[in-house]
Structure formats: C-alpha cells, structure tokens
Amino acid sequence: MDERVRKTKQALTTTLFKLLATQPIDTITVTALCRTAHINRRTFYSHYEHVADIFDDYQVILAEQVAASLTGAHLDARTLIATFDRILMANFSGFKYLCLNQQQQRLVDQLQQMLFETLYDNLLARQKTPANQLVLTSLAAGVMQTYIYWFNHEAELTYACVTETSQKLIQAQLSLID
C-alpha cells in the first residue's frame with residue numbers, strides 16, 4: 001500500500017477512535033471526521049463510502065495481524081496476547097470507550113466475531129468439530145471480556161496481571177482443541 005494511503009487511513013482510524021470516545025459511530029459524520037483528521041472529504045470518499053467502513057477496515061487489519069500471529073498447528077498464547085495488545089491498545093482510549101459504553105456493544109460484538117472467525121479459519125483447518133468451535137467461541141469472548149473487566153477494574157488489576165492471566169487462560173483453552 002502506498003505510504004500516503006496508509007497514513008491517510010491511519011489518520012482516519014485514529015480520528016474515528018478519538019471521536020468514538022465521545023459519541024456513537026452512527027452519529028459521527030464524514031464532515032466531522034474529516035475536519036478532525038485534517039483530511040478533505042474528497043480524500044475520504046476516495047477510500048471509503050461511510051464512516052463505519054473505517055471500522056470495517058480496522059477489523060480486516062486486526063484479523064490479518066491476528067492470523068499472521070497464528071503459526072501452523074502450534075499457537076503460542078504469549079504471541080497471541082502480544083498481538084491483541086499491540087493492535088487494540090494502539091487506540092487505547094477509543095477501544096476502552098467501546099468496551100465500556102453499551103451504545104457501542106454492536107462494535108464490540110463485531111470485534112469478538114472477527115476474532116472467532118480468524119481463529120476458526122486459522123486453527124481449525126481439519127478439525128472443525130462442534131467442540132472445537134465452542135472452545136474458540138469461549139476464547140474469543142474471553143479475550144474481549146478480559147479487556148472489559150480490566151477497564152472496569154483498573155484500580156484493582158495491573159496490566160501485567162491481565163496479560164499474564166490471559167496467556168494462561170488462552171493456553172488452557174487452546175489445549176482443549178482436538
């Protein structure tokens with residue numbers, strides 16, 4: 001991808017998450033997004049049709065990065081957690097707002113579904129049993145709920161505790177896959 005396109009898309013994504021910290025995605029206008037990102041509307045429309053398309057693009061990038069961290073049949077939980085942290089925390093305030101605001105639950109659900117589908121496509125090539133699907137459903141929900149719980153209890157939990165415990169939980173769940 002051309003460097004200018006990458007920078008433009010990153011600016012729009014960063015701005016979207018900044019605006020999500022104060023309002024639902026359905027109320028963010030292209031005009032407000034472009035004004036805040038210092039990008040003209042024509043540039044926006046050369047990449048996207050709707051504001052929500054930026055979030056869709058973010059999910060695709062997230063899925064690609066998660067998929068890249070899944071190496072063959074052996075998955076390292078530490079690598080997976082590091083990947084989630086790097087991607088999701090790059091837009092910490094916006095992601096935190098998504099997790100804590102019930103109005104944004106649809107977006108959190110979409111991220112959770114994307115995570116499940118990415119894990120499913122990359123880990124269950126020949127083992128698509130109902131039991132394995134259930135394990136991955138639990139894993140995807142658990143990862144999202146871990147962040148939500150932490151955001152609600154930051155004073156009680158250190159970030160190191162969250163990542164260390166998440167690694168153990170993910171490794172335990174992955175060991176259940178046939």
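**Close-up views of a predicted helical model**

**View 1. Thr36 reaches back to the backbone of Ala32.** In this predicted model, a polar atom of the Thr36 side chain lies 2.8 Å from the backbone oxygen of Ala32. Thr36 itself sits in helix H2. How exposed is Thr36? Its relative accessibility is 29%, and because buried means under 20% and exposed over 50%, Thr36 counts as partly exposed. Setting aside neighbours within four places in sequence, the residues in contact with Thr36 are Thr15, Lys18 and Leu19. For a sense of scale, take Leu107: its C-alpha is 21 Å from that of Thr36, and the two residues are 71 apart in sequence.

**View 2. Helices H1 and H2 pack against each other.** Stepping back from Thr36, we can look at the helix pair around this residue. Two packed helices are described by the angle between their axes and the distance between the axes. For H1 and H2 the angle is about 115° and the axes are 9 Å apart. The two helices are therefore roughly perpendicular to each other, and their crossing is right-handed. On the H1 side, the contact is made by Ala11, Leu12, Thr15, Leu16, Lys18 and Leu19; on the H2 side, look for Ala32, Leu33, Thr36 and Ala37. Both partners from View 1, Ala32 and Thr36, are thus among the H2 residues here.

**View 3. Leu16 and the largest nonpolar core.** In soluble globular proteins, nonpolar side chains tend to be buried together. Here the largest nonpolar core holds 56 residues, and those touching the most other members are Leu16, Leu33, Phe55, Phe84, Tyr147 and Ile170. Which helices each supply at least two residues of this core? They are H1 (3-20), H2 (30-37), H4 (52-69), H5 (77-88), H6 (92-100), H7 (105-123), H8 (130-152) and H9 (159-174). H8 gives the largest share, ten residues. Zooming in on Leu16, and not counting residues up to four places away in sequence, you will find that Leu16 touches Ile25, Ile28, Leu33, Val51, Ile54 and Phe55.

**View 4. Helices H7 and H8 meet at an oblique angle.** The axes of H7 and H8 are 9 Å apart, and the helices pack at an angle of about 140°. That makes H7 oblique to H8. Their crossing is right-handed. From H7, the residues to find are Val108, Leu111, Gln112, Leu115, Phe116, Leu119, Tyr120 and Leu123. They meet Gln133, Leu136, Thr137, Leu139, Ala140, Ala141, Val143, Met144 and Ile148 in H8.

Note on methods: Residues are numbered from 1 along each chain as its sequence is written. This is a predicted model: local features need pLDDT of at least 70, side-chain atom pairs count only at pLDDT 80 or more; totals for chains, interfaces and linings use all residues. Side-chain values use heavy atoms; hydrogens and water are left out. A nonpolar core is a set of buried Ala, Val, Leu, Ile, Met, Phe, Trp, Tyr and Cys residues joined through side-chain atoms within 4.5 Å. Buried means under 20% relative accessible area, exposed over 50%, partly exposed in between (1.4 Å probe, protein chains only). Helices (H or I, at least four residues) and strands (E, at least two) are DSSP runs, numbered from the N terminus. Contact means heavy atoms within 4.5 Å. A polar contact is a pair of N or O atoms within 3.5 Å; within protein, one must be able to donate a hydrogen and the other to accept it, and residues adjacent in sequence count only if both atoms are side-chain atoms. Axes are lines fitted to C-alpha atoms, for helices over the stretch in contact, and angles run from 0 to 180 degrees between N-to-C directions. Angles under 35 degrees count as roughly parallel, over 145 as roughly antiparallel, 65 to 115 as roughly perpendicular and the rest as oblique. A crossing is left-handed if the near helix is turned anticlockwise from the far one by less than a right angle, and right-handed if clockwise.
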